[in-house]
Amino acid sequence: MSSIELLAPAGSPEALDAAIGEGADAVYLGLKDFNARLRSANFTYAQFEAALRSLRRMGKKVYVTVNTVFEQREADRIYQFLKYLAGQGPDAIIVQDFGVIEMCKSQFPSLKLHASTQMNIASARGANALSRHGVSRVVLARELTLEELRNIKKETNLELEVFVHGALCISVSGICLFSSFLGGKSANRGMCTQACRRLYHRLDRSEGEGYYFSPNDLQLLERVPDLAEAGIKAIKIEGRMKSASYVGAVVSAYRLIADAVTQGDEDGIQHSIEQGQKLLQNDFARPKTQYLFGGVHTEAQRLRGHGEEGERENNKIDWLDPQQDGGTGISLGKILKFKNTGEERLALVTPPRGVKLSVRDSVRVHRSDDSGRISQKLIFVEKASGGLAASSFWISAPEDPMPSGARLSGSARLSGGARLGDNVYLIQTKEMRKRYENIITQAKSSKGPGRDKAPYPEISITKKTEVFPEGIYITVSRPEDLYIVQSSRPKRVILTLSRKNAKYLLAGKEPLPFKPAEIILSLNPFFPQDTSQIMLNEIEELTKKGYLQYIVNNPGQFSLFRGKEKTQLIAGPFLYTFNSWSLSFVSGFGTDGFVSPLENNRQNLERTCSEVSRAAGVQKSLRKKFFITVFAYPPLFTIRENLTSVLGFNAFADNKDEAFSLDSGYEGSFVYPKKHFSIIDKIPFLKEAGFGRFIVDLSGSQLKKTNYKDLMRAINENNGNIRPLPNSSRFNWKDGFYKA
C-alpha cells in the first residue's frame with residue numbers, strides 16, 4: 001500500500017520541533033496575518049524563512065495557512081503577502097478565500113494551492129470545481145462518513161486530505177457565524193471565541209444548564225488503514241493552539257500507524273494501533289470520538305430506505321456530552337476550599353486516584369459560571385492531610401491581582417482569580433516537556449513583504465437582460481409561508497431548497513400563490529457527497545417545471561446546472577464575496593448576481609464594488625448585481641445532526657440571557673438568534689449608493705401573518721423614511737469585523 005502523508009500543526013517554533021522530532025512528513029504553520037489561528041504564537045518572517053531552509057534540507061514539506069477571508073481594504077496586503085510567499089516557495093499554501101485562488105492564478109501561478117476545510121468542500125463536485133481553478137489538494141470537511149470519502153475519491157483526481165485528530169467544531173466546516181454575530185470576532189477571520197464551548201441553559205430553565213454544543217475531540221487512529229485504502233493522500237492533526245508536548249505525543253502515535261499501513265502487515269497494523277492508543281492516553285485533551293466517520297442518519301439514507309425519521313437508539317450520540325464543560329486535560333475536580341499560608345493562596349482539589357501533581361505542572365481553571373479560564377504553572381503542591389480525602393492536594397491558586405506567570409483568558413481578565421466551585425484541569429506535567437532538536441537554529445532578520453499595490457481584477461458582468469428587478473425579495477423556509485407573504489407582492493420570493501421542499505414542489509398537488517418564474521430556490525451551503533446525486537435529479541426535474549432561478553452557496557453546486565442555459569444563478573452569501581477578487585472568481589461561473597455575505601459591512605461592500613476594473617460602466621453594473629440582506633435571523637450554527645431529538649429542547653440562552661432557537665430536521669440542525677438582524681432603515685441610503693435589491697430573510701423564524709404585516713409596514717412607512725427596528729442587531733454592518 002502506498003504511503004500516506006502525516007501532516008502536523010506547528011503553532012509555534014517549539015511545536016514545529018516536536019512535530020519533526022516525532023516524524024511528521026509535513027507541517028502547516030501560519031505567519032502573523034491571514035490565518036485561521038491568529039491567537040496562536042505563529043511565526044515571524046525570519047523564523048519562517050529559517051524553518052523553510054532547514055526543512056528543505058530534511059526533505060520535509062511546509063504548508064502555509066492563508067485560510068481566512070480578506071476585505072477589500074486588505075487587497076494590497078494580501079497581494080504583498082502572496083508575492084512574498086511566491087518568492088520563498090513553500091510546498092503549498094492552504095486557502096479559504098476564492099479571492100486568494102483568483103489572485104494566485106492570475107499573479108502568482110507558482111504557488112501551489114490547497115483548499116482549506118474552511119472552504120466547506122464535502123463532495124467530488126466541489127473538489128472538481130476547484131481543480132479547474134488550479135487547486136491541487138482539498139482538505140475535506142470534517143462532517144463526512146467513510147463511505148462518502150470513498151465515493152469522493154472515486155469521482156476526483158485531486159489529492160484529498162482529512163483531519164484525523166483534534167478539536168471539532170459543532171458547526172459544519174466554514175459556515176459558523178456565532179462568534180461573529182456576538183461581536184465581530186469571525187471564525188472566517190481567525191478570531192473565533194468558541195461560542196460552542198459555552199455554558200447555556202434552557203429558555204424555560206426546566207433542567208438546569210449544560211455545554212450543549214461542545215463536541216468531544218476527534219480520534220481516527222484506528223481508521224487510518226481505512227483512509228489509506230480509500231485513497232486519502234494526507235492525514236492531518238489539528239492543534240496549532242496546542243502545546244509542543246501535545247503535538248509530539250499525537251504525532252508519535254500516528255507515525256506508528258502510518259508506517260505500519262505503508263508496510264501492509266496486518267499484525268503490525270494492529271500492534272501499532274494498540275501502541276498508539278497508549279500514547280494518546282496522555283494527550284491531555286477531551287474525550288474522544290470518531291464523530292460521523294462511521295455514518296450519519298441523513299435524509300439521503302432515509303430516501304434510500306435506511307431507517308425511519310426520528311429513529312435513533314436512545315436518542316444519544318457519542319460525540320456530544322452536555323455535562324462536560326469542554327475543557328482539555330485531566331479533570332482534578334472542583335475547587336473545594338481555599339487557605340492562605342501567609343505567602344501563598346492555596347486551593348484544595350481532589351483528582352482521581354493515581355493522579356500525581358508536582359511543582360511546574362500546568363493547570364487550567366474553568367469558571368463555574370463560564371465567565372473565563374485561567375492557566376498557570378503550579379508553584380506550590382502539597383499532599384492534603386487532616387481528615388481530607390487521600391487523593392486531595394493543596395495547589396497554588398491565582399489571586400487578584402494575578403501573580404506573575406499566570407495567564408488569563410476571556411472575561412476572566414475582568415473578574416479576578418479562581419473561586420470556589422471552579423473546575424480545574426491538569427493540562428501538562430513537567431515530565432511531558434520533552435526537549436527536541438531545534439529546527440530554527442538561526443533566524444536572520446527579514447524584510448518580509450514589500451509595498452506593492454494589487455492590480456484590479458477583471459469581473460465578468462453578464463450581458464443578459466436584467467432578470468432580477470429592483471425591490472424587496474422575501475426568503476421563507478416553507479411552501480406554506482408563501483401564502484403569507486403574497487399579500488405584499490414582493491419582486492421575488494426565495495424558498496430554501498430542502499429535500500422536503502423539493503418533494504413538495506415536484507408533487508405539485510396544490511397551486512402556489514407564485515409562479516415558478518417568481519420563485520428563487522436557495523441551496524444549502526453544506527453540500528455533502530451523500531446528497532449530490534439526489535440534488536442533481538431534483539434540479540433536473542425542477543427546471544423542467546419552470547424553476548430556473550437559484551442561489552448557489554457552495555462551489556460544487558455550480559456543476560448541477562451545467563448544460564442548463566436558461567437557468568439564472570446568484571452567488572449566495574456563503575460564497576463569502578468580501579472582495580473584488582472573490583467576485584472575479586465567482587463571476588467566472590456565469591453568475592447573474594451576488595448576495596453580500598451576512599458578516600459584511602457597508603464600508604467594505606461599497607469599497608468592493610468601487611475598486612474593480614476601471615472599464616466604463618463596470619462599477620455601476622456591479623452594484624446592480626448585488627443583493628443585500630436587510631433583515632434576517634442568521635444561521636449561527638449549521639449542524640449535520642438532528643440535535644433537538646438528542647437535547648430535547650428547541651430554545652436556549654447564554655449567561656447573558658441572549659436567547660437562541662434550535663431548529664432541527666432530517667437535514668440537520670440550525671441555531672438562530674431570537675434577536676433579529678436589521679438594517680431596513682438603511683435602505684434609502686443604499687438606494688442612493690446604487691444598490692436596489694434587498695432581501696428580507698424570514699427563513700430562520702416561525703412566520704406569523706401579523707408579524708409579517710408589521711414588518712412590511714415598517715419597511716414601507718413614511719415613503720421610505722424608515723426608522724430602526726427596536727431590539728435589533730446590526731451584526732457587523734456598523735462596526736465591521738473586530739480588530740485586535
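In this predicted model, Phe213 has plenty of company. Leaving out residues up to four places away in sequence, Phe213 touches Ile170, Cys196, Tyr200, Leu320, Phe637, Ile639, Leu643, Leu647, Phe652, Leu662 and Val671. Those partners help place Phe213 in a wider setting: the largest nonpolar core has 199 residues, and Phe213, together with Ile93 and Tyr254, touches the most other members. Which helix gives the most to this core? That turns out to be helix α9, spanning residues 244-263, with ten residues. There is also a second core, separate from the big one, with 18 residues, among them Val365, Ile395, Ala397 and Val424.

Helix α9 is also home to Ser252. Is Ser252 buried or exposed? With a relative accessible area of 15%, Ser252 falls under the 20% cut-off and so counts as buried. Setting aside neighbours within four places in sequence, Ser252 is in contact with Glu22 and Leu279.

Cys196, one of the residues that Phe213 touches, brings up the cysteines. How many disulfides does the structure hold? The count is zero. A disulfide, for the record, is a covalent bond between the sulfur atoms of two cysteines. Take Cys176: the nearest cysteine sulfur belongs to Cys192 and sits 5.7 Å away. A pair has to be within 2.5 Å to count as a disulfide, and Cys176 is in none. Cys176 is tucked inside the protein as well, since its relative accessibility of 18% makes it buried. Cys196 tells a similar story, being in no disulfide, with the sulfur of Cys192 again the nearest from a cysteine, this time 6.1 Å away. Cys196 is buried too, at a relative accessible area of 10%.

Now for a pair of helices. Helix α2 covers residues 45-58 and helix α3 covers residues 75-88, and the two pack at an angle of about 25° with their axes 12 Å apart. How do their directions compare, roughly parallel or roughly antiparallel? Angles under 35 degrees count as roughly parallel, so α2 is roughly parallel to α3. The way α2 passes α3 is a right-handed crossing. Which residues make the contact? On the α2 side they are Tyr45, Phe48, Glu49, Leu52 and Arg56, while α3 brings Phe81, Tyr84, Leu85 and Gln88.

Notes: Residues numbered from 1 in each chain as written. Predicted model: local features only at pLDDT ≥ 70, side-chain atom pairs only at ≥ 80, totals over all residues. Heavy atoms only, no water. Core = buried A, V, L, I, M, F, W, Y, C linked by side-chain atoms within 4.5 Å. Buried < 20%, exposed > 50% of the residue type's maximum accessible area, 1.4 Å probe, protein only. Helix = DSSP H or I, 4+ residues; strand = E, 2+ residues; numbered from the N terminus. Contact = heavy atoms within 4.5 Å. Axes fitted to C-alpha atoms, helices over the stretch in contact; angles between N-to-C directions. Parallel < 35°, antiparallel > 145°, perpendicular 65-115°, else oblique. Left-handed = near helix turned anticlockwise from the far one by under 90°.
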